[in-house]
Amino acid sequence: MQNLIQQWFSNIRADILSGIVVALALIPEAIAFSIIAGVDPMVGLYTSFIIAVVISFAGGRPGMISAATGAMALLMVPLVRDYGLDYLLAATILTGIIQLLFGICKVAKVMKFVPNAVMIGFVNALAILIFTAQLEHFIGISTMTYVFVGITLILLYTLPRFIKVIPAPLIAIVALTSIAIFSGVNLKTVGDLGAITQAFPSFFIPDVPWTFETLQIIFPYSLSMAIVGLLETLLTSQIVDDMTGTESNKNGEARGQGIANFITGFFGGMAGCAMIGQSVINVKSGGRGRLSTFIAGIFLMFLIIVLGDLVVQIPMPVLVGIMIMVSIGTFDWSSFKYLMKAPRTDALVMLATVVIVVYTHDLSKGVLAGVLLSAIFFVIKISTVKISNDGTRYHIQGQLFFASIDGFVNYFKKSDIQSKKIQIDFSESQIWDDSGVGAVLKVVDLLKTKGIQVELVELDTSSKKIMDKLNGVLSSH
């Protein structure tokens with residue numbers, strides 16, 4: 001109970017103010033992602049409201065922002081195009097169920113298999129994507145657009161030196177929106193992205209046939225969204241952990257994401273997940289607790305229902321400036337030094353992750369490629385077995401498994417062993433799998449045909465166990 005109170009009410013003022021800033025930043029993103037998915041802008045706005053509110057109670061990472069995202073929107077395009085909104089809502093409900101099951105099965109433990117190089121690449125790729133997504137909103141539009149973006153950035157970087165009580169992004173939005181409205185300057189606004197309907201979301205059951213055929217249609221999309229959503233969420237959660245110096249419940253977050261998406265599907269929303277851009281805005285604005293996420297969702301709805309006429313007049317260059325600041329703050333600038341100092345394989349993994357994510361706009365492909373590439377380099381690195389001998393005792397250095405056995409077997413095939421009795425010393429080696437066991441038995445049989453007696457010495461407990469378990473099985477083949 002004490003921990004729950006701490007997560008909700010230990011940072012009230014900063015959480016409320018940061019939540020307001022995030023709500024303002026969520027609006028253009030939600031509308032833009034709705035357009036990408038091919039649905040009405042209100043779908044994205046309802047999604048952001050419901051997920052933010054639900055995840056503030058159900059999630060495992062206080063202070064992280066979850067809402068409609070571009071990564072998820074891209075996966076929805078074919079489903080919406082071919083089957084319509086109701087099938088998307090049904091797929092969103094199923095996405096929630098799958099994520100809830102993933103959380104119950106503690107899928108978050110797979111995070112330990114994501115190398116640091118992939119994490120760096122993931123962060124940098126997201127920073128690049130956040131920045132490039134802003135280009136269409138200010139490049140080649142007008143001189144005043146550049147002016148407002150520039151003024152916004154100046155305010156964001158200078159105001160925190162003098163004013164710490166109110167987040168700089170909030171001051172910038174209020175001040176520059178007021179200037180734009182009263183001066184009548186011609187700028188693109190939030191309203192240019194899409195119409196905002198001043199109405200609450202209502203509960204309804206998607207109008208689809210609840211049959212096995214429908215399940216066949218939506219399941220591939222739901223599974224993809226569940227995996228991509230959890231991947232982005234867990235990686236973002238780790239980033240927020242590092243930024244705040246706190247730990248979070250990753251499996252609890254996975255379950256919370258499932259609950260949030262399940263509920264969203266019944267209120268006209270599409271599947272969403274954690275947003276690194278808005279999460280960074282929240283943290284940099286002072287948000288730390290669950291209250292900041294809750295306020296972001298509630299204030300978003302307040303903006304739509306009560307202040308909708310004002311919200312549509314917020315200049316896009318101001319929000320662009322905020323997102324550029326986020327991209328600059330998100331990018332790991334020390335990664336340039338990392339490229340020079342890190343092992344070449346790690347540097348290559350980091351670059352590959354960045355390039356694939358930026359090229360495909362698909363976080364899961366980039367991260368998966370990075371993890372696989374790291375695994376391949378790891379296997380190559382440890383697959384070298386070194387063997388030395390003093391005539392009767394052969395010392396093995398390195399791990400014996402499927403990728404290293406050829407060198408081990410070939411050494412003894414080519415060796416001209418004069419002694420009739422030798423020892424193979426495993427004090428600096430370990431037998432990992434059935435391929436390693438098979439290789440050892442093959443060498444023993446090979447030397448036996450040459451009249452050489454072999455004794456295996458210094459086997460550790462796990463190597464003895466797998467040898468005893470598979471010896472009879474493999475010898476019979």
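**Figure 1. Aromatic pairs in the predicted model.** The count comes to 19 aromatic pairs in this predicted model. One of them joins Phe138 and Tyr146, whose ring centres lie 6.1 Å apart. Their planes meet at 85°, so the pair is edge-to-face, because planes over 60 degrees apart are given that label. Phe138 is buried, at a relative accessible area of 9%, whereas Tyr146 is partly exposed, at 40%. Phe138 counts as buried because its value falls under the 20% limit; the 40% of Tyr146 falls between that limit and the 50% above which a residue is exposed.

**Figure 2. The rings of Phe331 and Trp333.** The ring centres of Phe331 and Trp333 are 4.6 Å apart, and the angle between their planes is 50°. The pair is therefore tilted, since 50° is neither under 30 degrees nor over 60. Phe331 counts as buried, with 15% relative accessibility. Trp333 is exposed, with a relative accessible area of 51%; the label follows because exposed means over 50%.

**Figure 3. An aromatic cluster.** Four residues, Trp8, Phe9, Phe57 and Phe294, form one aromatic cluster.

**Figure 4. The surroundings of Thr293.** Thr293 belongs to helix 12, which covers residues 290–305. The residue is buried, with a relative accessible area of 2%. Once neighbours within four places in sequence are left aside, the contacts of Thr293 are Ala52, Ile55, Ser56, Gly63, Met64 and Ile65. Thr293 counts as buried because 2% is under the 20% limit.

**Figure 5. The whole chain, as context for the close-ups.** The protein has 20 helices and six strands. Its C-alpha atoms fill a box of roughly 100 × 55 × 50 Å along the principal axes. Of its 477 residues, 53% count as buried. Among contacts between residues at least 6 apart in sequence, 84% join residues at least 24 apart. The accessible surface of the protein is about 21,900 Å², and carbon and sulfur atoms account for 64% of that area. The protein carries 31 positive and 30 negative charges, and the mean positions of the two sets are 8 Å apart.

Terms used: Residues numbered from 1 in each chain as written. Predicted model: local features only at pLDDT ≥ 70, side-chain atom pairs only at ≥ 80, totals over all residues. Heavy atoms only, no water. Phe/Tyr/Trp six-rings, centres within 6.5 Å; stacked < 30°, edge-to-face > 60°. Buried < 20%, exposed > 50% of the residue type's maximum accessible area, 1.4 Å probe, protein only. Helix = DSSP H or I, 4+ residues; strand = E, 2+ residues; numbered from the N terminus. Contact = heavy atoms within 4.5 Å. Areas by Shrake-Rupley, 256 points an atom, 1.4 Å probe, with all protein chains shown as cover. Lys, Arg positive; Asp, Glu negative; His and termini not counted. Charge placed at Lys NZ, Arg CZ, Asp CG, Glu CD.
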